[in-house]
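Colleague: I'm new to this, so can we go through the model together, bit by bit? I'll ask and you explain.

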Protein chains: 2
Amino acid sequence: MSLRMALLGLLKATGPASGYDLAKLFDSSINNAWKAGHSQIYPELARMTEDGLVTVEADGPRGRKTYTLTDAGWEALRHWLVGREPERHWRSEAALRAFLLPLLDAREAAAWLRREAEYYAERLRSLEELRHADGEEYPMKRAGFGRYALELGISQNRLLRDWALDSAADLERRAAEEENETATGEDAAERRAGD
Amino acid sequence: MSLRMALLGLLKATGPASGYDLAKLFDSSINNAWKAGHSQIYPELARMTEDGLVTVEADGPRGRKTYTLTDAGWEALRHWLVGREPERHWRSEAALRAFLLPLLDAREAAAWLRREAEYYAERLRSLEELRHADGEEYPMKRAGFGRYALELGISQNRLLRDWALDSAADLERRAAEEENETATGEDAAERRAGD
DNA sequence: AGAGCCATGTAACTAGTTACATGATTCG
DNA sequence: CGAATCATGTAACTAGTTACATGGCTCT
């Protein structure tokens, strides 16, 4: 359903487009919110045509098919956006790893987190560039389309970067404390064993 | 693969458990990072047994099967955690809606965002409670397991709440400006048409 | 003529969802 | 003895991934 809505939204925002165009738009715009390859998009467009949400004109060069949003299509999108509770579940491999991280040795986990932080920092940079890019470089920016999603993406990547750095520092502090304990305190360990 | 790793991680952290236990643990702990129902967990455990990652003892009451992590299972988990780039793609219905939001009327979009903000605020409250809960109420907290994921979840919900409120305010400001323009300025519109 | 991009699709597979189905035990 | 919970599974379906397959058009 979400894929379908993403396609309807892109058609609403850009006007008529081919499956090929939509696949490219996916990569360059909505990409931070949803992902789909052409092998998923083409059959979905065919089903949407059957359901009357889009109409197709097969005319362009190389058998290019141009899809146009119908009234029913726009109505379906509006209804989905406004009239339904969103699905809240998300699956994120990054979050899962975060969850499992304390199973590792603290130093190892910290090192991994620092590499993650670099990734998020890089990502943050590229999204901030998008914010300052004008309409030609980032065509979806026209009409404020994607504006709020872009801000969200930027904030989230900043958050993830900071979280990774803070967690790494925390793990390193804990590792250092432990090492300190075992190094200075054979006697302390004996004291603990005694009570 | 991620489901498999989540199950291995839970077994590592809690010790031997049944499919039923693991399904409940999923709901109560790892839930913010990954989601799975029993109909996905049971067959996965069967496959993991075939692959030698866990062993099964069918002994308990009501045909309860107890799964135990093997050395190969722990090794597989370690390797997945440390030795691979994570998959970065995420699909989030919330983010997709954020992207498509500017297609709606500004007032309507703002109202929707304010409802969203309430949802995130509620979620934030319940995660913050978890942070202060002791080990009995939140068993995964033992040994710091899930600690970093919990902090991440709290930060993310706070971010989403604030993002929704800020975006709503922005949309309302824009709507007000537009209304102001059309109300006061027939002449202004003509002036614009003239240049 | 050949490289590169435009453009569309299908097939086989893995992952995840929803609904159905069954029965044992425990507690009040 | 009945309700709640424990406990396991399967079947049918939808969504998403990866790999394969084909051919047209444009530019050099």
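Colleague: In the hairpin of S1(A) and S2(A), which residue takes a positive phi?

Modeller: Keep in mind that this is a predicted model. S1 of chain A covers residues 54–58 and S2 of chain A covers 65–69, and the two pair in the antiparallel sense over five bridges. Six residues sit between the strands, and the one with a positive phi, near 55°, is Arg62(A).

Colleague: Okay, and what is the bridge partner of Glu57(A) in S2(A)?

Modeller: Glu57(A) falls within residues 54–58, the range of S1(A), and we look across to S2(A), residues 65–69. There, its bridge partner is Thr66(A).

Colleague: Now the DNA. How far does a polar side-chain atom of Lys65(A) lie from a phosphate oxygen of DNA strand C?

Modeller: Lys65(A) is listed among the closest of the 18 residues around DNA strand C, along with Tyr20(A), Arg91(A), Ser39(B) and Gln40(B). Of the strand's atoms that come within 4 Å of the protein, sugar and phosphate make up 67%. Arg64(A) has a polar side-chain atom 3.1 Å from a phosphate oxygen. For Lys65(A), that distance is 2.2 Å.

Colleague: And which helix gives the largest share of the surface near DNA strand C?

Modeller: H2 (19–28) and H3 (38–50) of chain A, plus H3 (38–50) of chain B, each supply at least two residues there. By class, that surface has four nonpolar, eight polar and six charged residues. His38(A) puts a polar side-chain atom 2.9 Å from a base oxygen of the strand. With three residues, the largest share comes from H3(A).

Note on methods: Residues are numbered from 1 along each chain as its sequence is written. Chains are lettered from A and ligands numbered from 1 in the order in which they are written. This is a predicted model: local features need pLDDT of at least 70, side-chain atom pairs count only at pLDDT 80 or more; totals for chains, interfaces and linings use all residues. Side-chain values use heavy atoms; hydrogens and water are left out. A residue is near a molecule or strand if one of its heavy atoms lies within 4 Å of it. A polar contact is a pair of N or O atoms within 3.5 Å; within protein, one must be able to donate a hydrogen and the other to accept it, and residues adjacent in sequence count only if both atoms are side-chain atoms. Helices (H or I, at least four residues) and strands (E, at least two) are DSSP runs, numbered from the N terminus. Ala, Val, Leu, Ile, Met, Phe, Trp, Tyr, Cys and Pro count as nonpolar, Asp, Glu, Lys and Arg as charged, and the others, Gly among them, as polar. Two strands pair if DSSP finds at least two bridges between them.
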